[in-house]
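Grab your viewer and work through the exercises below at your own pace. Each one comes with a solution that goes step by step.

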Amino acid sequence: MAMLEVTQLGISFGGLRAVDALSMRIEKGGLVGLIGPNGAGKTTVFNMLTGVYRPTDGGIRLDGENLVGKTPHEICRLGVARTFQNIRLFSRMTVLDNVKTALHHETTYTLAESLLHLGGYRKKEREMDARALDILEVFGLAEKNHYTAANLPYGQQRKLEIARALATSPKLLLLDEPAAGMNPQETGELMETIELVRKKYGVTVLLIEHDMKLVAGICEYLYVLNFGRELAQGSPAEVLHNPEVVTAYLGE
Amino acid sequence: MKKLFSPGRRDYTISFGIVILAYLVVQAMILTGNITSSFKGQLVPICAYIVMAVSLNLTVGVLGELSLGHAGFMSVGAFGGIVATTALADAIPFAPLRLAVAMAFGGLLAGIMGVIVGVPVLRLKGDYLAIVTLAFGQIIMNIVNVLYIGRDARGLHFSLLEQRFELGEGGKMIINGPIGVSGVSKLSTFTAGFLLVLATLLLILNLLHSRTGRAVMAVRDNAIAAESIGISITRYKLLAFVVSAVFAGMAGTLYAMNYSTVTAAKFDFNTSILVLVFVVLGGLGNIWGSIIAAALLTVLPELLRAVNDYRMLLYAILLIAMMLFNNSKLKERLLAGRHREVE
């Protein structure tokens with residue numbers, strides 16, 4: 001059984017059919033790309049997978065468990081984490097606290113312990129600090145743990161967002177244009193980081209990306225979306241030479 | 001272990017430092033007799049307003065939701081506390097304990113109101129909380145205005161709109177409709193106010209530096225991202241709002257127990273806005289800023305009585321000066337140490 005099974009997924013906004021009859025299967029440990037021209041509905045798919053939008057029809061199953069109709073925070077706890085196309089950090093909090101916030105359900109203590117700093121508070125906060133620093137280390141952000149998130153350079157804000165998503169211990173990590181706005185060198189580093197993260201944390205990755213070098217470089221399988229429908233699927237080599245895909249991107 | 005920066009300690013040090021120092025200075029003034037009676041009469045209200053400002057800061061500064069009815073919760077706590085102390089007058093003869101129990105009751109009652117207001121409204125996105133809390137403040141004021149509660153040998157009697165009960169021999173009205181409350185035994189003392197301020201600071205600062213506080217701030221900074229990492233937006237909005245209401249209720253009890261007569265009109269829209277001014281001028285999310293702003297702006301009108309003709313003018317100038325200070329380089333420089341690393 002595939003880890004993520006999407007069957008005949010569709011959503012309408014009034015008269016607009018944004019995504020129609022999309023089916024996907026992602027195996028555990030896979031690294032899959034979701035590509036397509038602007039406005040094809042890629043982010044809408046992410047929003048349905050994470051519960052931000054409720055699909056009009058079709059099904060989503062993660063390890064056999066139904067995700068349709070669940071709220072975003074429930075879906076997160078079932079093992080789906082994501083980043084956003086336009087970075088969404090907790091901008092006034094520190095880098096460390098951004099990651100610690102994501103450990104919310106990992107290390108818990110009660111409200112009474114929060115109010116009185118009793119019992120396990122100190123020990124558990126130290127555990128969280130150590131875990132958060134471990135994750136930040138992978139992204140080269142450990143030295144900047146006390147910075148306010150908004151004061152990080154752009155590329156590091158993108159990395160922090162991935163670090164935060166990973167801190168929720170997801171089975172499936174959704175990356176929405178992780179390389180947007182990065183220069184070729186930063187993109188190269190990002191590719192290495194994604195590979196590293198996948199090995200180290202054993203996480204399955206689905207990513208949206210426009211940078212074809214990145215897509216061809218790391219993705220094992222691709223789905224191409226155009227006007228909300230699947231245009232093609234297959235290995236990067238097949239898909240990127242598919243004349244229909246080239247036409248969709250570049251026009252006739 | 002890597003270098004870890006803990007900005008929290010500084011908040012604790014400054015907040016408790018200011019409050020304890022102020023308490024000692026005022027106690028010294030009282031002992032040496034260097035205190036005017038009008039200032040002495042303001043000590044308890046100052047403590048109550050500090051608790052009001054710090055608790056409203058939790059909703060407005062930390063959670064990022066606008067509340068325009070904080071005085072409503074203060075009112076609930078005030079009249080709830082009055083009923084509790086009167087009802088418990090025989091059961092608990094020891095006044096400080098009776099005050100503490102009354103505060104707990106006032107806080108609980110305000111907290112329940114917080115849940116009633118918060119549950120429907122905090123599920124919505126947008127400025128609905130401001131609108132509903134504004135209405136809440138007015139509704140509470142109008143309800144207390146037509147509330148009749150009396151006590152006699154048979155127990156508590158209660159009616160709305162008009163007095164529909166006759167009190168037995170030796171009975172006494174506690175809340176008498178628009179006339180309000182009169183003849184309350186004053187239980188609040190400066191020390192009680194000081195202890196409430198300390199307890200409020202400890203609990204709220206602890207809350208902010210915990211997983212709960214981080215979750216609330218995450219919802220403020222980016223609700224969609226907070227949800228995406230498993231935080232229930234409604235739950236944490238409600239939690240912060242209700243905690244804020246509870247402390248406002250306790251402040252209300254403290255405030256009411258300082259006067260022999262209390263009317264509902266004292267806790268009107270103007271009071272809500274006054275507390276909001278404390279929070280904004282002290283700095284959103286800045287706890288010790290709220291303390292200073294609340295104390296300063298409560299004392300100031302009295303101090304300015306000496307120059308009565310220019311009183312409102314000077315008050316306005318001070319408000320402007322505080323706003324300028326909040327946005328100035330000077331403040332940044334004074335707080336420059338905030339981002340220094342601690343090994």
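**Before you start: the surface of chain B**

Chain B has an accessible surface of about 15,500 Å², and 66% of this area belongs to carbon and sulfur atoms; areas come from the Shrake-Rupley method with a 1.4 Å probe, and for residues only the protein chains shown count as cover. This is a predicted model, in which local features need pLDDT of at least 70 and side-chain atom pairs count only at pLDDT 80 or more, while totals for chains, interfaces and linings use all residues. Residues are numbered from 1 along each chain as its sequence is written, chains are lettered from A and ligands numbered from 1 in the order in which they are written, and side-chain values use heavy atoms, with hydrogens and water left out.

**Exercise 1. Describe the overall fold of chain B.**

*Step 1.* Begin with the secondary structure: chain B has 13 helices and five strands. Helices (H or I, at least four residues) and strands (E, at least two) are DSSP runs, numbered from the N terminus.

*Step 2.* Next, test the radius of gyration, taken over C-alpha atoms, against the globule rule of 2.2 Å times the number of residues to the power 0.38. For 343 residues a compact globule would come out near 20 Å, and the 21 Å of chain B agrees with that. The C-alpha trace of chain B spans about 70 × 55 × 40 Å along its principal axes.

*Step 3.* Now look at burial: 53% of the 343 residues in chain B are buried. Buried means under 20% relative accessible area, exposed over 50%, and partly exposed in between (1.4 Å probe, protein chains only).

*Step 4.* Finish with contacts (heavy atoms within 4.5 Å). Of those in chain B between residues at least 6 apart in sequence, 73% join residues at least 24 apart.

**Exercise 2. Classify two aromatic pairs by their geometry.**

*Step 1.* Set the criteria: rings of Phe, Tyr and Trp (its six-membered ring) pair if their centres lie within 6.5 Å; planes under 30 degrees apart count as stacked, over 60 as edge-to-face and the rest as tilted. Over all chains, the structure holds 13 such pairs.

*Step 2.* A:Tyr221 and A:Tyr223 are 5.5 Å apart, centre to centre, with 65° between the planes, and form an edge-to-face pair. A:Tyr221 is partly exposed at 32% relative accessibility, while A:Tyr223 is buried at 4%.

*Step 3.* B:Tyr12 and B:Phe16 are a stacked pair, with 6.4 Å between centres and 15° between planes. Both lie in helix H1 (residues 8–32) of chain B, four residues apart, about one turn of the helix. An α-helix has 3.6 residues a turn, so residues three or four places apart point the same way. B:Tyr12 is buried at 11%, and B:Phe16 is buried at 17%.

**Exercise 3. Why is helix H7 of chain B described as largely enclosed?**

*Step 1.* Locate the helix, which covers residues 211–221.

*Step 2.* Count its buried residues: eleven of the eleven are buried, so the helix is largely enclosed by the rest of the structure. Among them are B:Arg211, B:Arg214, B:Arg220 and B:Asp221.

**Exercise 4. Where does B:Gly177 lie, and which residues does it touch?**

*Step 1.* B:Gly177 sits in the loop between strand S3 (172–176) and strand S4 (181–182) of chain B, and is buried at 2% relative accessible area.

*Step 2.* Leaving out residues up to four places away in sequence, B:Gly177 touches B:Val144, B:Asn145, B:Leu147 and B:Tyr148.

*Step 3.* B:Ile149 is 28 residues from B:Gly177 in sequence and 8.4 Å away in space, C-alpha to C-alpha.
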